[in-house]
Amino acid sequence: MKRQTAGSGIFSKVNLGNDRESAVNFAVAEEFRDLSDFEQLETIGSGTFARVKLVRHKKTNAFYALKILKKNEAIRLKQVEHVLCEKQILSQVDHPYIVKLHSTYKDTRNLYFLTEYVPGGELFTHLRKATKFSNETARFYAGSIVLAIQYLHARDIIFRDLKPENLLLDSRGYLKFTDFGFSKKVPESTWTLCGTPEYLAPEIIQSKGHGKGVDWWALGVLIFEMIAGFPPFYDENPFGIYQKILANKLEFPRNFDVHAKDLVKKLLSADRMKRLGNLKGGAEDIKKHRWFKGFDFSELIAYKAVAPILPEVRSDGDAHNYEKYSESVDDPTGPVIDPATSEKLFRDF
Ligand SMILES: Nc1ncnc2c1ncn2[C@@H]1O[C@H](COP(=O)(O)OP(=O)(O)OP(=O)(O)O)[C@@H](O)[C@H]1O
């Protein structure tokens, strides 16, 4: 079972902040100007109020992913500000491990993100298939995540939804971050409760205000889950999970690598002032940890490292690495919403 991101309206302490910077890097190329230039193929992802479809550019035959969000659902679930942030942040970032945004569109019913198509499937699927990863495999992905998060944090962007469901594999087996729906530009702290229960840092649950440290916490959860095959704090219901996170009791399976264990403990420090990654040395402290001894980050970023899993990609538009969704049950487009409301709320999209 894939884990849905929480925080859609249940928790209302929203800090909107003053982070409406203009999208400096975002110029839409000619070929991406019109949505009717694309043929919509199968659904490859479905979230709380979005559907992601594989699409083909009719003229060039190139494949892309189109994320479709219903405006009415974005309003109902109080996600308008998050969607605007998602566009603003995705249009500003440019990193090999972050999915590339080509263009955005809107009509009377929906908002659309056109991004590169990443054909290798979710890290989640590969992890569940393998049950658990070897130390080396986990290190390859963790190293990639450290680089991407370091890049984001240097730009004061917190990702806030790190989990294997939001990490995709490209055809070379390298990671791509997707879903910036909860990411936020914050030089200081922010107060919104969002994320996925198993990956929430204690300071988010306690509404203490949180910053970049939450991504390093989530990395600790992810390294644990990759090596153990299950997350460190687990319960049938979210409140049970929150209790376990706050109790901060870690039980490592036998054979868990000692250095990985030490790193996970340092990332899962309940006190964010003592959490590795969140200290003066930043991400460099994590790169220097014993678990990464001998690991070559420059090879990794240059795509010279051998990826541990090479996904089977039969052709450019092959979607078999993604779950199959019924196309008929749920119309991906929403109802037309009042034009004045639409203009007011979605002007910046
Ligand atoms: N660029 C892409 N290439 C291939 N698949 C993608 C791409 N973007 C998204 N997907 C697929 O669609 C799924 C949902 O996308 P995304 O997480 O952006 O939507 P969401 O509605 O915000 O999801 P959630 O509610 O779970 O947070 C992803 O987990 C992935 O399986």
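I count a residue as near the ligand if its C-beta atom, placed from the backbone, lies within 6 Å of it. I am working on a predicted model.

**Ligand shell.** I looked up which residues surround the ligand. There are 23 of them. The closest are Gly45, Gly47, Ala50, Ala65 and Asp179. I then sorted the shell by class and got 9 nonpolar, 9 polar and 5 charged residues. Next I checked which strands contribute. Strand 1, strand 2, strand 3 (63–70) and strand 5 (110–116) each supply at least two residues of the shell.

**The sheet.** I traced the strands next. I found an open sheet of 5 strands, with antiparallel pairing and the order 1-2-3-5-4. I noted strand 1 (38–46) and strand 4 (101–106) as the edge strands, each pairing on one side only. On average, neighbouring strands of this sheet are turned by 25 degrees against each other, direction ignored.

**Strands 1 and 2.** I looked closer at this pair. Strand 2 covers residues 50–57 and runs antiparallel to strand 1, with 6 bridges joining the two. I went back to Gly45, one of the closest residues to the ligand. Its bridge partner in strand 2 is Val52.

**Confidence.** I checked how far to read the model. The mean pLDDT of the protein is 90, and 91% of its residues reach 70 or more. I marked residues 8–24, where the pLDDT is below 50. Beyond near neighbours in sequence, this stretch has 28 contacts in the model. For the whole model I wrote down ipTM 0.96 and pTM 0.89.

Conventions: Residues numbered from 1 in each chain as written. Predicted model: local features only at pLDDT ≥ 70, side-chain atom pairs only at ≥ 80, totals over all residues. Pairing = 2+ DSSP bridges. Helix = DSSP H or I, 4+ residues; strand = E, 2+ residues; numbered from the N terminus. Axes fitted to C-alpha atoms, helices over the stretch in contact; angles between N-to-C directions. Nonpolar A, V, L, I, M, F, W, Y, C, P; charged D, E, K, R; others polar. pLDDT = per-residue confidence, 0-100. Contact = placed C-beta atoms within 7 Å.
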